[in-house]
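Please keep the model open in your viewer and make each selection as it is named, pausing at every stop before moving to the next one.

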Amino acid sequence: MRPTGLVDPEVIVRPTKGQIDDLIEMVRGRIEIGDRILVTTLTKKMSEDLTDYLLEQGLRVRYLHSNIDTMQRIEILRSLRLGEFDVLIGINLLREGLDLPEVSLVAILDADKEGFLRSETALIQMIGRAARNVSGQVVMYADKITPSMERAIGETKRRRETQIAYNLEHGIEPQTIRKAVGDILSFLNGFGEDSALPGKGGRRQHERDKVKQELKSLPQQELGRLIQTLEEEMHEAATDLKFEYAARLRDEIRDLSRELRDAR
């Protein structure tokens, strides 16, 4: 049971005919209330074409492709949370392994194409991307319901009903998880050990080491820009009396500044 009372998202299945127009309508509705959207496709071409089309429709969208390195992925996800854009499109968004509580809609295109990215496990994980928001919803575009879809939807429904019953019994009102945007960068210095990073233990340390290594090769201008962004967030945190969080950012800035000095 989740102590926050958050219920697994509602899952709906819609036909592929007219799916893009339907998606745009749903996306605009979420943007109006200040939420973010994840869209997962099966091919690079579909991601690229969909990104271009949504941009033409005036939507703020980014495509997270496989060639983007760890540091860039972190910055893109941070920009999504900050609201610098609204829609993130990708093929395998499971690999990001980060909580995005601002995301209230997950759209899964070609949900009925059985395979690794549309297996029961993968679908359940994608559904979970919308489980951090009290208004979470998942739409699967498909012309048939595959065994994997049926099991994933069934498991989500079971969890949803169990949590709702628990909430009613204990008088819990579900609340969206509020998580500082800076937490995306927290594992640089070992903070946020309970963050949903890919794997645990040695793998988490490996990911952190990888980011630190990429920091060393990051252009000084980019590193300086990252430090400036964190400094602005630190001052905002202090103004809002979030002193513990501001102190964490201060320590991150200190270590990043040391990296910058060593690079000169």
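Begin by selecting Gly154, a residue placed in helix 5 of what is a predicted model. Is Gly154 buried, partly exposed or exposed? With a relative accessibility of 34%, Gly154 counts as partly exposed, because that value falls between the 20% under which a residue is called buried and the 50% over which it is called exposed. Now add Ile124 to the selection and draw a distance between the two C-alpha atoms: Gly154 and Ile124 are 30 residues apart along the chain, and their C-alpha atoms are separated by 10.0 Å.

That distance leads to the next selection, helix 4 (120–128) together with helix 5 (147–170). These two helices pack at an angle of about 40°, their axes lying 8 Å apart. Helix 4 is therefore oblique to helix 5, and the crossing in which helix 4 passes helix 5 is right-handed. To see the residues that meet, show Glu120, Leu123, Ile124 and Ile127 on the helix 4 side, and Ser148, Met149, Arg151, Ala152, Glu155, Thr156 and Arg159 on the helix 5 side.

Stay on helix 4 and colour its buried residues, which are Ala122, Leu123, Ile124, Met126 and Ile127. Against which elements do the buried residues of helix 4 pack? Their partners are strand 1 (10–14), strand 2 (36–40), strand 5, strand 6 and helix 5.

Next, widen the view to the largest nonpolar core, a set of 25 residues in which Leu38, Leu80, Leu88, Val106, Ile108, Val138 and Met140 have the most contacts. Two or more residues of this core come from each of helix 3 (70–82), strand 5 (103–108), helix 4, strand 6 and helix 5, and helix 4 gives the most, with four residues. In soluble globular proteins, nonpolar side chains tend to be buried together.

Within that core, pick Ile108 and display what surrounds it: leaving out residues up to four places away in sequence, Ile108 touches Thr40, Arg118, Leu123, Met126, Val138, Val139, Met140 and Tyr141. Apart from the core of Ile108 lies another one, made of 18 residues, including Leu54, Leu105, Val139 and Tyr141.

From here, follow the chain into the loop between strand 5 and helix 4, where Asp110 is found. Asp110 is partly exposed, its relative accessible area being 22%, and a backbone torsion display will show a phi near 55°, a positive value in a residue other than glycine. Most residues other than glycine have a negative phi.

In that loop, select Asp112 as well. Asp112 is buried, with a relative accessible area of 7%. Which backbone nitrogens does the side chain of Asp112 reach? One belongs to Asp143, at 2.9 Å, and another belongs to Lys144, at 3.5 Å. Asp112 and Asp143 are 31 residues apart in sequence, while their C-alpha atoms lie 7.0 Å apart in space. If neighbours within four places in sequence are set aside, the contacts of Asp112 are Tyr141, Ala142, Asp143, Lys144, Thr146 and Met149.

Move next to Gln137, which lies in strand 6 (residues 137–141). Gln137 is buried, with a relative accessible area of 13%, and its side chain makes a polar contact of 2.9 Å with the side chain of Glu10. Beyond neighbours within four places in sequence, Gln137 is in contact with Pro9, Glu10, Ile12, Met26, Arg30, Ser104, Leu105, Val106 and Ala130.

A further helix pair is worth selecting, namely helix 1 (residues 19–32) and helix 2 (residues 44–56), which pack at an angle of about 55° with axes 12 Å apart. These helices are therefore oblique to each other, and helix 1 passes helix 2 in a right-handed crossing. Ile20, Asp21, Leu23 and Ile24 of helix 1 make the contact with Met46, Leu50, Tyr53 and Leu54 of helix 2.

Finally, zoom out to the whole protein, which has eight helices and six strands, running from the N terminus as β-α-β-α-β-α-β-β-α-β-α-α-α-α. Of its 264 residues, 47% count as buried. Among contacts between residues at least 6 apart in sequence, 78% join residues at least 24 apart.

Key: Residues are numbered from 1 along each chain as its sequence is written. This is a predicted model: local features need pLDDT of at least 70, side-chain atom pairs count only at pLDDT 80 or more; totals for chains, interfaces and linings use all residues. Side-chain values use heavy atoms; hydrogens and water are left out. Buried means under 20% relative accessible area, exposed over 50%, partly exposed in between (1.4 Å probe, protein chains only). A polar contact is a pair of N or O atoms within 3.5 Å; within protein, one must be able to donate a hydrogen and the other to accept it, and residues adjacent in sequence count only if both atoms are side-chain atoms. Contact means heavy atoms within 4.5 Å. A nonpolar core is a set of buried Ala, Val, Leu, Ile, Met, Phe, Trp, Tyr and Cys residues joined through side-chain atoms within 4.5 Å. Axes are lines fitted to C-alpha atoms, for helices over the stretch in contact, and angles run from 0 to 180 degrees between N-to-C directions. Angles under 35 degrees count as roughly parallel, over 145 as roughly antiparallel, 65 to 115 as roughly perpendicular and the rest as oblique. A crossing is left-handed if the near helix is turned anticlockwise from the far one by less than a right angle, and right-handed if clockwise.
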